[in-house]
Amino acid sequence: MHKISLKDWVILLTIVPTIIISLLVAGYLSYSRYSELDQFIYQRANSIISPLAISSAEPLLEKKRDSLRTLIGFSHRSQSDIIKSIAIFTKDNQVFVTSAYHGDTHTLRIKAGQNLPKRIQYDDYDDYLIYRAPIIDEFTTQTTNSALEMNIIGYIAIQIDKSTIKYAQQQLLITVFFILLAGFIISAWFAYKLINSVTRPISSMVLAIDRIREGKIESRISGQLVGELNFLKNGVNAMAQSLGDYQDEMQRSIDQATIDLRESLEQFEIQNVELDIAKRKAQDANKVKSEFLANMSHELRTPLNGVIGFTRQVLKTPLSDTQRDHLQTIERSAASLLSIINDILDFSKLDAGKMIIENIPFSIRESIEETLTLLAPSAHKKNIELSLRVSPQLPDTLIGDAMRIKQVMVNLASNAIKFTDKGSVDINLEGNVIGKNLYKIRVTVQDTGIGISNQQQNSIFEAFGQGDKSVTRIYGGTGLGLVISQRLVSEMHGGIGFESVENEGSTFWFTFQCELNTIPTVQLSTPESLSGKAILYYELHAASRLATSEILASWQMKITCISKRSEMDIILADKKMLSSFDFALIGHDVTPSALNDVKKFVFTLKDIIPSIHLAINSNSPSLHEALISSGAKTCISKPITLQRLSKTLSPTTTPEINSLIEVSEQKVPIKVLAVDDNEANLKLINELLLEQVHDVTTATDGAQAVELCRHEKFALIFMDIQMPVLDGISALSIIRQQTLNEHTPIIAVTAHVFGEEKDKLLENGFNSFITKPIDEAMLHHSIYEYCDSTLLAYRPELVTPSPVAIRSSRPKIIDWKLALQRAGQKKMLAKDMFVGLVNSLPESKANISEALISQDIEQLKVLIHKLNGACCYSGVPSLGKVTHELETELKRGIGLDDLQPEFFEFFEQIDLVLEDAEVFITKLENQS
């Protein structure tokens, strides 16, 4: 077998790899550059023909040959290195204008029998390219609103020369060849030097060592060698010198050293294995977490965004009340779930203890009822009884984090439903006072499911697990729910725990603290029409019976509860007793046999009791309709909640959850400063403040506000942010340092606040902020939160507005109802604001157009922000929406070229408002 010499190895390990790598790298880079040159010519042709096709539409429509000739001539000259000819053809394939008088237009023309191009297309020849693009009359398309049919009025063709690109490609190949050649030569030269420097000295050392091995200890290696070879030579000579004298001692030392080294290596190997195992565990855990977050983010966000988007689209179409209610439930649940998922996926935030708990006013009953409405279909599918009881002594309007409370509630209730195959899931809310205006709420979720074994109970609050692998396989889940719930209730100054008996059921509970909202924005009014009415209530399930009975008792109704079938049969036989009832409420399950009983009850009662209502554990519309057709007045799905029962028994007196606050005639004896550069906005906030405080002073910019603050002290200041002369943030800084109002609460009022802008406003010194359009309830809350408590000698009266009819979801140009709502139902104020907006629109349109032409983005931001603030109060939803979108995109740094479609729609909405405004104002004047 032929042995490869050191010289051959040096050649193989230096020249051959260098040649292979050089060829691969050079080939790949050459191919990439070659392809880039090809793509460059196509992309450049596209970038030339697209704007020419758009710019040629109007001159071609108006037959302006000179304008077109100038346009394509300029383009030909500016791109003459690749363009040979440009020609514009009419719709009938006739030359309208060309940039080369002696050019070959026949090559550029579409062949006979071919259709006009509907998009950019090209023909590739050896020496040139022919690009063609349709010229579309976009103005006619927008007017007729026919987006599906393009009005092609001609096409433009460009002949592109490929010779420049081919020459560049040839140069590239030649250059690469010479670079490779130079690299091969240099590599060979270095290999030759290496052979001379290494192989020859090594050969001489080999000969010397052979002599030493033969017993010629006096043999030495002579000569001066280079680097490490010289060290090697000295070592060989020293070894030969001492070999004879210390051969035995050396052997013993070598043996001992070998033993010590082996032991050390074994220890190192054990440590390395342990470190490797620990590292792998940490990497696996981190990988599992990262993969879970990534997969869940994609798999959950994507369909949820689709659900939310398409639900909102369907809500824009004509729908029945039932359909709209179901779709709104879908939208709320999807939006709530998406919000929760966003926090769950950021699991590292929980690990770092950086979860932020909000403190905002909310209705505890509304939050819990919404949660159970979403979970009810799951329970109904398994024919499980789902009940909700809220203690009548528990106040409804609290301050806390409703989203986190619902998140924990969803987790516990969904777990109870998931692990219960038959029986019931009962939810109970209790509360007690633990301090001034401070409540501790306890939520209990009790089920009759599979229970939890003692072994599983020890690991129930561990992440990524559910106590037992078999449970995970059967019921699924990420295993994070209880861990997150535990951390959330801890952040809300509460706790969580459970009691469970295997095969009998579990009871989970959690507590949290909430402040009492001393300025409630909602009121649970009692349906007065139900007071003193008699109701026959049949319910087999004790928990549901107790919860519903408490609600009916709170309405002062006369209740006759039936808990057994035998008692119901006795009542049904007594016609005289039945006639004394005004209502009948029958709660039942929906098994086939039970349905027959329900229909029998309805058939017996319908001619005696005027109003029969059913409550079943099913949300099937067809089943509801079938039961209603049998004689029942209504049929609702369990659990029976206060709002749902109120709407059922007394639909005309159902309280709206989002009821407004009607301020009593007594006003707060304080003086407030309102600052806004928009006249309409300033007028509105002045009117709204005068309803609640004694005195209001106004200023149109930050400089005026500073001057007023130097001479007078105010109880509260509402400050706009973007204003001329001096903006709101700068004015705040001066007021805090140089005026009489250094400690006066200052609240920001702006039409647009991002999450990061909110934090920035608070960091700059603002006490709080409210967004436009101003909500009267939020304005009222701000006054009572930040002004001196000694001045608040009265409490606002809560009233419930009458239900508002569902508006058409189709966008309106002018929405008078919205204008009245924004103006607090003041017709003259709404009219003045609308007329002021209409009068300012021509000037605003001209100024914005001028700023667009001059590309003045900062001026555009100021003008759009000012118009956005005006639109918030004037009942122009479509114009307000597109103006808000433009301000958002401008703040995010989107270029003006990318916002051309939005500006087209913006100017179109202004024209539509101006067109309808004259007739609308005339109607308003006639009505007045």
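How many bridges join strand β4 (residues 128-136) to β5? Nine of them do, and the two strands run antiparallel. Keep that pair in mind, as the tour starts there. One thing to know before you click: this is a predicted model.

**The whole chain**

Begin with everything in view. The chain holds 31 helices and 24 strands. Of its 928 residues, 42% are buried. Among the contacts with a separation of 6 or more, 69% are between residues 24 or more positions apart.

**Stop 1: strand β5**

Select residues 152-161, which form strand β5. Ten of the ten residues in β5 are buried, so the rest of the structure largely encloses this strand. Now add residues 128-136, strand β4, and you have the antiparallel pair from the opening question. Within this pair, look for Y131, which stands opposite I158 in β5.

Next, add residues 83-90, which make up strand β1. Seven bridges join β1 to β5, and these strands run antiparallel too. Here the residue to find is I88, with I156 of β5 opposite.

**Stop 2: helices α6 and α7**

Move on to helix α6 (residues 163-213) and helix α7 (residues 228-243). Their axes come within 11 Å and cross at roughly 5°. An angle under 35 degrees counts as roughly parallel, so α6 is roughly parallel to α7.

To see where the two helices touch, show side chains on both. From α6, pick S197, V198, P201, I202, M205, I209 and I212; from α7, pick L229, L232, K233, V236, A240 and L243. Sorted by class, this contact has eleven nonpolar residues, one polar and one charged.

**Stop 3: S30 in helix α1**

Select residues 6-55 to bring up helix α1, then pick out S30 within this helix. Is S30 buried or exposed? Its relative accessible area is 10%, and buried means under 20%, so S30 counts as buried. Setting aside neighbours within four places in sequence, S30 is in contact with L172 and V176.

**Stop 4: a sheet of five strands**

In which order do the strands of the next sheet lie? The order is β14-β13-β15-β16-β17, five strands in an open sheet with parallel pairing. At the edges you will find β14 (558-562) and β17 (634-637), each of which pairs on one side only. From one strand to the next, the twist averages 20°.

Zoom in on β13 (residues 534-538) and β15 (residues 583-588), which run parallel and are joined by four bridges. Y537 can serve as your marker here, as this residue stands opposite L585 in β15.

Then turn on the helices around this sheet. Helix α20 (residues 621-629) lies across β16 (611-616) and β17, and runs at about 150° to β17. Helix α21 (residues 642-649) also packs on the sheet, where it touches β13, β15, β16 and β17. The direction of α21 makes about 175° with that of β17.

**Stop 5: a second sheet, with β22 inside**

Here is another open sheet of five strands, in the order β20-β19-β21-β22-β23, again with parallel pairing. Its edge strands are β20 (693-699) and β23, and each pairs on one side only. The twist averages 25° from one strand to the next.

Select residues 746-750 to see strand β22. Why can β22 be called largely enclosed by the rest of the structure? Five of its five residues are buried, so the strand is largely enclosed. Both faces of β22 are covered: I746, A748 and T750 are buried on one side, and I747 and V749 on the other.

Add the neighbours of β22 one at a time. Strand β21 (residues 716-720) runs parallel to β22, with four bridges joining them. In this pair, F718 has I747 as its bridge partner, while M719 is partnered by A748. To follow the chain from β21 to β22, trace helix α24 (residues 728-738); this β-α-β crossover is right-handed. Helix α24 packs on the sheet, touching β21 and β22, and its direction makes about 150° with that of β21.

Finish with β23 (residues 768-771), which runs parallel to β22 and is joined to this strand by four bridges. Your last pair to click is T750 and, opposite in β23, T771.

Note on methods:
Residues numbered from 1 in each chain as written. Predicted model: local features only at pLDDT ≥ 70, side-chain atom pairs only at ≥ 80, totals over all residues. Heavy atoms only, no water. Buried < 20%, exposed > 50% of the residue type's maximum accessible area, 1.4 Å probe, protein only. Pairing = 2+ DSSP bridges. Right-handed = clockwise from strand over helix to strand, strands pointing away. Axes fitted to C-alpha atoms, helices over the stretch in contact; angles between N-to-C directions. Parallel < 35°, antiparallel > 145°, perpendicular 65-115°, else oblique. Contact = heavy atoms within 4.5 Å. Nonpolar A, V, L, I, M, F, W, Y, C, P; charged D, E, K, R; others polar.
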